[in-house]
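Work through the following exercises with the sequence and the structure side by side. Each task is followed by a solution in steps.

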Amino acid sequence: KLVRLLNIVLNYTGSWLCHSSLSSSVIFVVAIMDYYEIIGVAPSSDSSTIKRKFQSLARIHHPDKLPPNTTESDRAQSVQYFQQLEEAWRNLGDSELRKEYDAQRAQQLNQKAPISEDVDLDSMEFEEDEKLYWHPCRCGGRYEVLEEELESGVTLAGCSNCTLAIRLLYSLAPP
């Protein structure tokens, strides 16, 4: 019963990053919203890209912009999504809050993500303009990690489409 409940919680959370612990018949679920997924951008996106995407989605889902023939059910879903969208923008639109969120998100990924494989950093693709390393996931998504994240000691990269992660194999050059 506990495993079934845990699966229900994890399946229900959708755009949430989750960590669970099952001990002594007690389930603890710690979750933070995946703001990048809510807005529909990659964690490596710059602030102007995030802002454009937020504004585009806000115009579509703002309660005052919905067509008059929108059903109550659709209106309620749109309002709920708009509230999540606003929360995501508040946290990703402010550079200090975004840094705090990214640190929490990285910690959450390090705690809960099933490791798909170990990947040497030298075998990953590098995008010079974004200072971003990436590796394809079997689901069609990408594992992404910024150069600055590597410098701060990040050892896992989560997939942009699924719950898998890879362990990054690298060593920092001495200063």
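**Exercise 1.** Determine which residue stands opposite Ala-157, and place the pair within its sheet.

*Solution.* In this predicted model, Ala-157 stands opposite Ile-166 in β8. The next step is the strand pair itself, in which β7 and strand β8 (residues 165–169) run in the antiparallel sense and are joined over 3 bridges. Widening the view, one finds an open sheet of 3 strands in the order β3-β8-β7, with mixed pairing. Its edges are formed by β3 (115–120) and β7 (156–158), each of which pairs on one side only. From one strand to the next, the twist averages 30 degrees.

**Exercise 2.** Describe how β5 and β6 are connected and paired, and explain why β6 is largely enclosed by the rest of the structure.

*Solution.* Begin with the connection: β5 and β6 form a hairpin with 5 residues between them, and Gly-140 in the turn has a positive phi of about 105 degrees. The pairing of strand β5 (residues 132–136) with β6 is antiparallel and extends over 5 bridges, and within this pair Pro-136 stands opposite Arg-142 in β6. Turning to burial, for which the cut-off is under 20% relative accessible area, 4 of the 5 residues of strand β6 (residues 142–146) are buried, and the strand is therefore largely enclosed by the rest of the structure.

**Exercise 3.** State how many helices and strands the protein has, and what share of its residues is buried.

*Solution.* The count gives 6 helices and 8 strands, which follow one another from the N terminus as α-β-β-α-α-α-α-β-β-β-β-α-β-β. Of the 175 residues in the protein, 32% are buried.

Definitions and conventions
Residues are numbered from 1 along each chain as its sequence is written. This is a predicted model: local features need pLDDT of at least 70, side-chain atom pairs count only at pLDDT 80 or more; totals for chains, interfaces and linings use all residues. Side-chain values use heavy atoms; hydrogens and water are left out. Buried means under 20% relative accessible area, exposed over 50%, partly exposed in between (1.4 Å probe, protein chains only). Helices (H or I, at least four residues) and strands (E, at least two) are DSSP runs, numbered from the N terminus. Two strands pair if DSSP finds at least two bridges between them. Axes are lines fitted to C-alpha atoms, for helices over the stretch in contact, and angles run from 0 to 180 degrees between N-to-C directions.
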